[in-house]
Amino acid sequence: MRRLMGSVAVVAGLMALPGIALAQGAPRHEFGVDVGLGLESPSGGTTQIVLATPVDVRVGFVSASPLSWEGRLTLMYASRGFGNSAAYTLAPDIQALYKLGPGKGPHGLLGTYLTAGAGLNFEDAPNGAGGTNSSVVFGINGGIGDRLAWGGSPDAFRIEGFLGYNFKNTTIGMPGTLLVGVRVGLSFWH
């Protein structure tokens, strides 16, 4: 019984080490800003370029495990072919990030990761009659990214390739849309 209790204590201590290290000076949050560029392909429509402005911001919650979470807020502008006007999207979403491998750099925060998430896209698009329609579109996405060292700083340069799908919304005549693209940005640890 003593051996069993001793083994349980050792295993519990080893499992607690990452949390203890994180509590002793390791960053708890990742703040970032990105610029994105992608190709959008509406079902039954024409593929076009979409630009996500530099107002793509994110806040991540660092975890001692390979899995972490982050919230993102993206402002997108696109000339989507609805008349001759631009469409705007404000898109908050939540992402799960899974670190591949042990990580590099200070506290093992750099390296490759997989990401998947879901969110809402608040769309404001021309309706073809001289006005605009606003509605909400649900979307899902996934991708692969890498955090790279940025000079001698503990902060990181981040690049991410992604694939997303926004479901159709008949209120504004928005078809189901596939989006493929890349985000490039900076991460700051706190």
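## Briefing: one helix, eight strands and a cavity

Read along the sequence, the chain follows the pattern α-β-β-β-β-β-β-β-β. That gives one helix and eight strands in the protein chain. The model is predicted. The structure holds one cavity of 30 Å³ or more, and all eight strands contribute to its lining, each with at least two residues.

**Chain overview**

- The protein chain has 190 residues, and 37% of them count as buried.
- Its accessible surface comes to about 10400 Å². Carbon and sulfur atoms account for 69% of that surface.
- Among contacts with a separation of 6 or more, 55% are between residues 24 or more positions apart.

**The cavity**

- The largest cavity has a volume of about 320 Å³.
- It is lined by 25 residues, and those closest to its centre are Met76, Asn121, Asn141, Leu179 and Arg183.
- By class, the lining has twelve nonpolar, nine polar and four charged residues.
- The strands that supply at least two lining residues each include strand 3 (67–78), strand 5 (111–126), strand 6 (132–150) and strand 8 (177–189).

**Strand 8 and its neighbours**

- Side chains alternate along strand 8. Thr177, Leu179, Gly181, Arg183, Gly185, Ser187 and Trp189 point to one face and are buried.
- Leu178, Val180, Val182, Val184, Leu186 and Phe188 point to the other face and are not buried.
- Two residues of the buried face, Leu179 and Arg183, are among those closest to the centre of the largest cavity.
- Strand 8 runs antiparallel to strand 1, and 13 bridges join the two.
- Strand 8 also runs antiparallel to strand 7, here with eleven bridges.
- Gly181 is a bridge partner on both sides: it pairs with Gly38 and with Phe162.
- Strand 1 covers residues 29–42, and strand 7 covers 153–166.

**The loop before strand 8**

- Thr171 is found in the loop between strand 7 and strand 8.
- Is Thr171 buried or exposed? Its relative accessible area is 56%, over the 50% cut-off, so Thr171 counts as exposed.
- Leaving aside residues up to four places away in sequence, Thr171 touches Asn133 and Ser135.
- Thr171 and Val136 are 35 residues apart along the chain, with their C-alpha atoms separated by 9.0 Å.

Key
Residues are numbered from 1 along each chain as its sequence is written. This is a predicted model: local features need pLDDT of at least 70, side-chain atom pairs count only at pLDDT 80 or more; totals for chains, interfaces and linings use all residues. Side-chain values use heavy atoms; hydrogens and water are left out. On a 1 Å grid over the protein atoms alone, a cavity is a set of points where a 1.4 Å probe fits but cannot get out, and a pocket is an open set with protein on both sides within 12 Å along at least five of seven lines; lining residues have an atom within 4 Å of a point. Grid points are joined across faces, edges and corners, and a volume is the space filled by probe spheres set on the points. Helices (H or I, at least four residues) and strands (E, at least two) are DSSP runs, numbered from the N terminus. Ala, Val, Leu, Ile, Met, Phe, Trp, Tyr, Cys and Pro count as nonpolar, Asp, Glu, Lys and Arg as charged, and the others, Gly among them, as polar. Buried means under 20% relative accessible area, exposed over 50%, partly exposed in between (1.4 Å probe, protein chains only). Two strands pair if DSSP finds at least two bridges between them. Contact means heavy atoms within 4.5 Å. Accessible areas come from the Shrake-Rupley method with a 1.4 Å probe; for residues, only the protein chains shown count as cover.
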